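Me: Could you take a close look at one part of this model for me? I would like to start with a single helix and then see what lies around it.

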Amino acid sequence: SSCNHMLQSIMPHSMNQTKDGVIANRPATMALPSATAMDISTDLLAIVFGCLCPEDIMRARCCKKWSEAAKKTIVHPLAEFVVDSKKRYNAMEAMTRALPNLQKITLRKLESTQIRYLDGEDADDNLQIDEDLDINVISRFTKLSYLEIHNAPLNGIYPMLFHFRHLEMLDIYSPQALKWDLEMLAGLPNLKILVCNFHGGLSGDIKNLEIVKDTLEQCLLYSCSNVEGDFMDLAKFPHLWNLCLVDTSVTGDIRDIGSDDFVALQEIDLPDAVYGGSGHKFQHISEVPTFMDEIYCIAKRNPPVLGCCYWHLSENSPDNYDMTVSDDVDDDETPEPPFDVLLVHAGSRLGWRWSWKGDFIDAAPGEPNFEHVSCEVNWLDPEPKKDSSDYELYVQELKQIEKEINFFKGFHEPPTAERYKQLCREHKRKRRRQTILIN
């Protein structure tokens, strides 16, 4: 029968690759009794179907029994179904009845600009288009656990997108005109991963994430300018290990993080509006040593949660100057003043330094290429003892650090403008002498 033939064709294989390259690595080899396909129970067939991608399951529905098995199938979460055309939308609409336990859907930009989804609430004015698709059908997938919205043509507020009690990951990237507020996460009580990139339509206070406090593990909001509040409102989230709020309107002070705050944190990347956040600008060079002492405990955490952080001296600082202060500066030969601040790790030893990282600079023979230069390291920890377990690693990493201490060797902070001029003159004379000797 056609069912026997279908069974033989799918049983020897695990779920291969979906159309969009996602591999679900559940094994599909199973010991089945010697019987015809029609003798196999729908529950066992549902397990078999669970090893297939959605498209293959749809094709496998060759009879009523197998169709019933498909309805029971819990589709593997790695087997996503991508909607990027009207044809794929129609397939998704059919799956709401034939494959209601689909767990992962990705809504992307549709192939035609004359097709879009029906407007939601509070939609922006839009141009006339040829056809609207009803996005509300997605609410029929009651077991949905992963929802990605990447450049999908949505316009307005769609409350039903935020009513999936099994949803664990919501990933939104640059939706055209989607609007929602963080309070709407109340309809996603099991959310573990929240990702939003380049999304001006997202608004709300960061404290509203309290709704998912007991489940949230990753919160990555990048370039969501209408998200505000104090990042410390997330300090007591027990499972939050990855937090990125870059280019949001969130504020706060990184020095407020205590030993009992963010206990699961492994990575943090905060906006420059947070004092001590990534890209924060200090008004005075003298501020930095005190700041480093105050963040020592959080900087010493393992893994290093501040690994992504960097800071600058403000352009408006009275201590700031640019490389044009000296006529002896050559853009191709001389590094700019070291007004960036970075943490330094050598083995278990922690420190910080003023540095500059720019374009590759052409150097004379025998001279270092000033691609990354820094001042001396200001160590916060003592040097490890020679008989300690990480001394060898410390020495190895220290050698690499010291390679970047060249032009500003001997300086623990940026030189004054006058001293910088002098360094440039000395460097220029040295290059001339070397050029003469070579020629």
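Reply: Happy to! This is a predicted model, and a good place to begin is helix α6, residues 287-294, where Val288, Phe291 and Met292 are buried. These three span an arc of only 100 degrees around the axis, so they sit on the same side of α6. That fits a general rule: an α-helix has 3.6 residues a turn, so residues three or four places apart point the same way.

What do the buried residues of α6 pack against? Their partners are the strands β16, β17 (280-282), β18 (311-313), β19 (340-346) and β20 (349-357), together with helix α7 (296-299).

Let us follow β16 from there. Strand β16 belongs to an open sheet of six strands, paired in parallel and ordered β6-β8-β10-β12-β14-β16. Both β16 (274-275) and β6 (155-157) are edge strands with a single partner each, so one side of each has no neighbour in the sheet.

Further along that order, β10 (residues 202-205) and β12 (residues 227-230) pair in the parallel sense over two bridges. Asp205 stands opposite Glu228 of β12.

Strand β8 (residues 177-181) also deserves a look, as Lys179 is found there. A polar atom of the Lys179 side chain lies 2.8 Å from the backbone oxygen of Asp122. Leaving aside residues up to four places away in sequence, Lys179 touches Asp122, Asp124, Gly156, Ile157, Tyr158 and Gly201.

Methods:
Residues numbered from 1 in each chain as written. Predicted model: local features only at pLDDT ≥ 70, side-chain atom pairs only at ≥ 80, totals over all residues. Heavy atoms only, no water. Pairing = 2+ DSSP bridges. Helix = DSSP H or I, 4+ residues; strand = E, 2+ residues; numbered from the N terminus. Polar contact = N/O pair within 3.5 Å; in protein donor to acceptor, adjacent residues only side chain to side chain. Contact = heavy atoms within 4.5 Å. Buried < 20%, exposed > 50% of the residue type's maximum accessible area, 1.4 Å probe, protein only. Arc of directions from axis to C-beta.
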